[in-house]
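Subject: Handover of a structure and notes on its contents

Dear colleague,

Please find the structure below, passed on to you for your studies. My notes follow directly after it, and I would be grateful if you would read them with the structure open.

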Amino acid sequence: MKKKILIMSVLFFVAAAMLFANPVRRNEIVEFLHGSYSQRHFTNRPISNEIINQILRAGHQAGSAANSQPWHFTVIRNRALINDIMSNVVDENVLIVVSGPREHPRGLSVEFDTAIATQNMFLAAQALGLGARMFVRPIRNLNDNLLGRLNLPENYLAVMILLVGYESPDVDTRAAASPRQPLESKVNFIN
């Protein structure tokens, strides 16, 4: 009995030590988020299906209103379709079109839920060593003229597009990234 208590105590303290070590990991995540940015320069290096699946899983794990998970992801590698959706996309880059129902099944915001899923995929791509950029400008053309080519579920519309590719080593895009406006100009506190 004493031996079991000793073993349980050791296991408890090991688990507690791992939990207390977790703030370091949290700090790494916060630093990662502070370094996140929208990539503009990509290479034509192919992206494996395994990496794309990891990115998709991150989107699928996103939170959603009432856990409705209204999103649908369409991975596009077809060059002709990519060129019809957007110009200046480097060969071997991938588009992920994030779609949602025309009307949320619970009357909630499809745009909000799909944006969270897209942000998860955006960050996952960066964590996996790729660059990513989100787009909404091509959505109107996509929905008006190309929707039938996406094989979406019935009554779904494209909401956001995520461009994913490997970052070009020739351009220091992090240094050239647009600076953030001062945080103080974007926040107020009410005590």
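W71 is buried, because its relative accessible area of 8% falls under the 20% limit for a buried residue. The same limit applies to F73: its relative accessible area is 17%, so F73 also counts as buried. Please bear in mind that this is a predicted model.

A search of the whole structure finds one aromatic pair. W71 and F73 form this pair, and their rings are stacked, with 6.4 Å from centre to centre and 10° between the planes. The two values are given together because a pair of aromatic rings is described by the distance of the centres and the angle of the planes.

A second ring deserves your attention, that of Y166. The charged end of R45 sits over this ring, 3.8 Å from its centre. Y166 is also touched by I51, whose other contacts, leaving aside residues up to four places away in sequence, are L128 and L130.

Where is I51 found? I51 belongs to helix α2, which covers residues 49–60. I51 is buried, since its relative accessible area is 15% and the limit is 20%. Although I51 and L128 are 77 residues apart along the chain, their C-alpha atoms are separated by 7.5 Å.

Helix α4 allows a short check of its length. It runs through residues 110–127, which makes 18 residues. At 1.5 Å a residue, helix α4 should therefore span 26 Å, and its end C-alpha atoms are indeed 26 Å apart, so the two values agree. The buried residues of α4 include V110, D113, T114, A117 and T118. Further along α4, M121, F122, L123, A124, A125 and Q126 are buried as well. Just after α4, G129 takes a positive phi of about 90°.

Finally, some remarks on the chain as a whole. The chain has six helices and four strands, and along the sequence they follow the pattern α-α-β-α-β-α-β-α-β-α. The chain has 191 residues, of which 37% count as buried. Among contacts between residues at least 6 apart in sequence, 75% join residues at least 24 apart. The accessible surface of the chain comes to about 12700 Å², and 55% of that surface belongs to carbon and sulfur atoms.

With kind regards

Methods: Residues are numbered from 1 along each chain as its sequence is written. This is a predicted model: local features need pLDDT of at least 70, side-chain atom pairs count only at pLDDT 80 or more; totals for chains, interfaces and linings use all residues. Side-chain values use heavy atoms; hydrogens and water are left out. Helices (H or I, at least four residues) and strands (E, at least two) are DSSP runs, numbered from the N terminus. The expected span of a helix is 1.5 Å times one less than its number of residues. Buried means under 20% relative accessible area, exposed over 50%, partly exposed in between (1.4 Å probe, protein chains only). Contact means heavy atoms within 4.5 Å. Accessible areas come from the Shrake-Rupley method with a 1.4 Å probe; for residues, only the protein chains shown count as cover. Rings of Phe, Tyr and Trp (its six-membered ring) pair if their centres lie within 6.5 Å; planes under 30 degrees apart count as stacked, over 60 as edge-to-face and the rest as tilted. A charge sits over a ring if NZ of Lys or CZ of Arg is within 6 Å of the ring centre and within 35 degrees of the ring normal.
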